[in-house]
Amino acid sequence: MKLLSRIAAGIALLLPTAIASFAAPQKTYTLGMIAKSQGNPFFEASRVGALDAARDLGAKYGITVKIDWRTPNEEDAQKQADTIEQLLLNGTDGIIISCSDAKKVKDSINKAVDQGVPVVTYSGDAKESRRMTALGIDDFKCGEQTMDELARLLNGKGVVAAIDGNQNALNLQQRSAGFQSAAKKFPGIVLRGIYYHKETPQDAVAKIEEVMQANPEITGWGLLGGWPLFTENALKWPPGAIKCVAVDALPQELGYVRSGHVQLLLSQDVYGYGYKSVEYLINKIHLKKNPPSIVDNSSLTPVTRENVEAFAKNWEKWLPRK
């Protein structure tokens, strides 16, 4: 009897382990993430946000979430489209993309949706596609706000110019349109032009220098993206001599606020774009929950000399950890 009791007790101890060994394996989801270009702190921060969301949601729901980072070295919309095709062949569960050219990636996005793979865009939408949700800002209002703030710094008088990036990117087209629209409200301000360049710091700096040589009367610049500020000594004028408002507040840009060359930065929620993209996709594919809206626009955070040091601490969290 004692022997039987011991055997029964042993079986009781082993039973949960045996049952667990036959339990269903932990569910794994793989999400492809395609930003515009490698090495840009904007997209590196969104990648960290996605990785953090994958960790947090994995722990919350008892699942494994993998982020498959597939970003081209430089902007190339065709490579983005080809990457979507490759992700579909690999059996991806969801896709996050910042579109360089909406027209070139639209068909690939729609193909993904047709195959039951939800797509979220951020900071570069493809409005005519069937993507599930678009994260970003109201780019037209962003352009307006940039011009309004520049006009305020100039007390409503002066000659201004703006620099923009990829002319095929829908979000940047909207910023340019908003900047031009707002400029019409200020009769004392002359808009010399919107100047485009390849989205590299070197091209942006060269374009500003070229425009300033041809138009030395310019007293204000609106940077509709922070490209020239990604390098040192990009703005050749003395601090405060020309007023400057720039979109985004990446680490390199903060130095220009400290030096007084830039009076105001307007920061997007770069980390949040990655985090929320993963949340939307996991809600959809794991919880079968649709997003509350197709477009999720966030507000811009102003960064000036008064709050630049406090804001800089965000980048300790947002940049990739070594």
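The structure is a predicted model, and its chain averages a pLDDT of 92, with 92% of the residues scoring at least 70. Confidence falls below 50 over residues 17–22, a stretch that has zero contacts in the model beyond near neighbours in sequence. Where pLDDT is low, the predicted coordinates should not be read in detail.

One open sheet consists of six strands in the order β2-β1-β3-β4-β5-β11, and the pairing is parallel. The edges are formed by β2 (64–69) and β11 (295–297); each has a single partner strand, so one side of each is left without a neighbour in the sheet. From one strand to the next, the twist averages 20°. Within this sheet, β1 (residues 28–34) and β3 (residues 94–97) run parallel and are joined by four bridges. Met-33 stands opposite Ile-96 of β3. Helix α2 packs on the sheet and touches β1, β2 and β4, its direction making about 165° with that of β2. Helix α9 (residues 270–285) lies across β1, β2, β3, β4, β5 and β11, and runs at about 140° to β1.

Another open sheet of six strands has the order β7-β6-β8-β9-β10-β12 and mixed pairing. Its edge strands, β7 and β12 (301–303), each pair on one side only. Neighbouring strands of this sheet are turned against each other by 15° on average, direction ignored. Strand β6 (residues 158–164) pairs with β7 in the parallel sense over seven bridges, and Asp-164 stands opposite Tyr-196 in β7. Helix α6 (residues 170–183) lies across β6, β7, β8 and β9, running at about 170° to β7. Helix α8 (residues 251–259) also packs on the sheet, where it touches β9, β10 and β12; the direction of α8 makes about 155° with that of β10.

Strand β9 (residues 243–247) is mostly covered, four of its five residues being buried. Parallel pairing links β9 to β8 over four bridges, with Leu-223 opposite Ala-246 of β9. Strand β9 also pairs in the parallel sense with β10 (residues 264–267), over three bridges. Here the bridge partner of Val-247 is Leu-266 in β10.

The largest nonpolar core contains 85 residues, of which Tyr-122, Trp-221, Leu-254, Leu-265, Val-278 and Ile-282 touch the most other members. Helix α9 supplies the largest share of this core, nine residues. A second core, separate from the largest one, has 15 residues, including Ile-84, Leu-87, Leu-88 and Ala-102.

Side chains of opposite charge can pair when their charged atoms come close. With a cut-off of 4 Å between side-chain nitrogen and carboxyl oxygen, the count comes to 14 salt bridges. Among them is the pair Arg-192 and Glu-217, whose closest N and O atoms are 2.9 Å apart. Arg-192 belongs to strand β7 (residues 189–196) and Glu-217 to the loop between α7 (201–214) and β8 (220–223), so this salt bridge ties together parts that are 25 residues apart in sequence. Both partners are partly exposed, Arg-192 with a relative accessible area of 35% and Glu-217 with one of 32%. Elsewhere, salt bridges that share partners join Asp-52, Arg-55 and Asp-56 into one network.

In that network, the side chains of Arg-55 and Asp-52 meet at 3.4 Å, N to O. These two residues are three apart in helix α2 (residues 41–61), and therefore about one helical turn separates them. Asp-52 is buried, with a relative accessible area of 5%.

A further salt bridge brings together the side chains of Arg-130 and Asp-114, with an N to O distance of 2.4 Å. Because Arg-130 lies in the loop between β4 (119–122) and β5 (133–136) and Asp-114 in helix α4 (residues 102–114), the pair ties together parts that are 16 residues apart in sequence. Arg-130 is partly exposed, at 42% relative accessible area, whereas Asp-114 counts as exposed at 57%.

Terms used. Residues are numbered from 1 along each chain as its sequence is written. This is a predicted model: local features need pLDDT of at least 70, side-chain atom pairs count only at pLDDT 80 or more; totals for chains, interfaces and linings use all residues. Side-chain values use heavy atoms; hydrogens and water are left out. Buried means under 20% relative accessible area, exposed over 50%, partly exposed in between (1.4 Å probe, protein chains only). pLDDT is the predictor's confidence in each residue, from 0 to 100. Contact means heavy atoms within 4.5 Å. Two strands pair if DSSP finds at least two bridges between them. Axes are lines fitted to C-alpha atoms, for helices over the stretch in contact, and angles run from 0 to 180 degrees between N-to-C directions. A nonpolar core is a set of buried Ala, Val, Leu, Ile, Met, Phe, Trp, Tyr and Cys residues joined through side-chain atoms within 4.5 Å.
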